[in-house]
Amino acid sequence: MANKVHPRASVSDPSPAGRQTFTVWMKSLVCHTNGCTVFDSKGDIVYRVENYDSKGGCEVQLMDLQGNILFSILSKKLQIFGCWNGYRAGTNKEQPCFTVKKCYSIVRREIACQVTVGLNTYWVVRLGRKNQGFKILNITGDIVAEVMQKQVSSGVVLGEDVLALEVEPYMDHSLIVALVTVYGLISRRL
């Protein structure tokens, strides 16, 4: 069993040049709700997700620390394989900013989801077993974000509910956190 350390504990996270590092704590700031809290590399809260419904609920909100909604994420009803739409705050609710479709492929088991953001396509690819993490790849196969179980510099692995998120600097961080949220909903971790 891994030692329990609070996710805000000071941890030196060497990441590849230019990548931004975040800590995702799969816990809500609100008692008795599902959600997650995202900290920057300084330990400050930058994003939070509140799911007032049951785990895997139909609608969640990605917010900044002040509670401003950045994305509304809704499950598309009557979809056999699972589909989620993300709407950026203040935009048209008829045209989603992104769509995530759960993939069921016998040949390529590692691909979990296909993401469409405008004209761009991304893939969510599992890393090994269920809780080992995942990465988000662009259409050319370059990693734009990677999520794995958080490990402190001394080698201590934190609990399964504490994840490290590394994001390429040219990517919209709130969009990546929204995609991580959808994957958490699909995996029934939120």
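## Getting oriented

A residue is called buried when its relative accessible area is under 20%, exposed when that area is over 50%, and partly exposed in between, using a 1.4 Å probe and protein chains only. By that yardstick, 46% of the 190 residues of the protein chain are buried. Keep in mind that this is a predicted model, where local features need pLDDT of at least 70 and side-chain atom pairs count only at pLDDT 80 or more, while totals for chains, interfaces and linings use all residues. Residues are numbered from 1 along each chain as its sequence is written, and side-chain values use heavy atoms, with hydrogens and water left out.

The accessible surface of the protein chain adds up to about 10,300 Å², with 52% of it belonging to carbon and sulfur atoms. Areas like this come from the Shrake-Rupley method with a 1.4 Å probe, and for residues only the protein chains shown count as cover.

## The barrel

The chain has 1 helix and 12 strands. Here, helices (H or I, at least four residues) and strands (E, at least two) are DSSP runs, numbered from the N terminus. Follow the sequence and you'll meet the pattern β-β-β-β-β-β-β-β-β-β-β-β-α.

So what do the 12 strands build? They form a closed barrel that runs from β1 to β12 with antiparallel pairing. Neighbouring strands of this sheet are turned by 20° against each other on average, direction ignored; the axes behind that angle are lines fitted to C-alpha atoms, for helices over the stretch in contact, and angles run from 0 to 180 degrees between N-to-C directions. Two strands pair if DSSP finds at least two bridges between them. Strand β1 (residues 20-25) and strand β12 (residues 162-167) have 6 bridges and pair in the antiparallel sense. Look for T21 there: it sits opposite E166 in β12.

## Strand β10 and its neighbours

With 4 of its 5 residues buried, β10 is largely enclosed by the rest of the structure. On one flank, 5 bridges tie it to strand β9 (residues 120-126), running antiparallel, and W123 has L137 in β10 as its bridge partner. Strand β11 (residues 143-149) is joined to β10 by 4 bridges, antiparallel again, with K135 opposite E146 in β11. The hairpin of β10 and β11 has 4 residues between the strands, and G141 takes a positive phi near 90° in this hairpin.

## Where the helix meets the barrel

The structure holds 2 aromatic pairs. Which kind of pair do F134 and Y183 make? Their ring centres are 4.2 Å apart and their planes are at 45°, so the pair is tilted. For the cut-offs, rings of Phe, Tyr and Trp (its six-membered ring) pair if their centres lie within 6.5 Å; planes under 30 degrees apart count as stacked, over 60 as edge-to-face and the rest as tilted.

This pair links distant parts of the chain: F134 belongs to strand β10 (residues 134-138) and Y183 to helix α1 (residues 173-186), 49 residues apart. F134 is buried at a relative accessible area of 5%, and Y183 is buried too, at 11%.

## A closer look at T37

T37 lies in strand β2 (residues 34-39). Is T37 buried or exposed? T37 is buried, with a relative accessible area of 0%. Contact means heavy atoms within 4.5 Å, and beyond its neighbours within four places in sequence, T37 is in contact with residues including T23, W25, L29, I45 and Y47.
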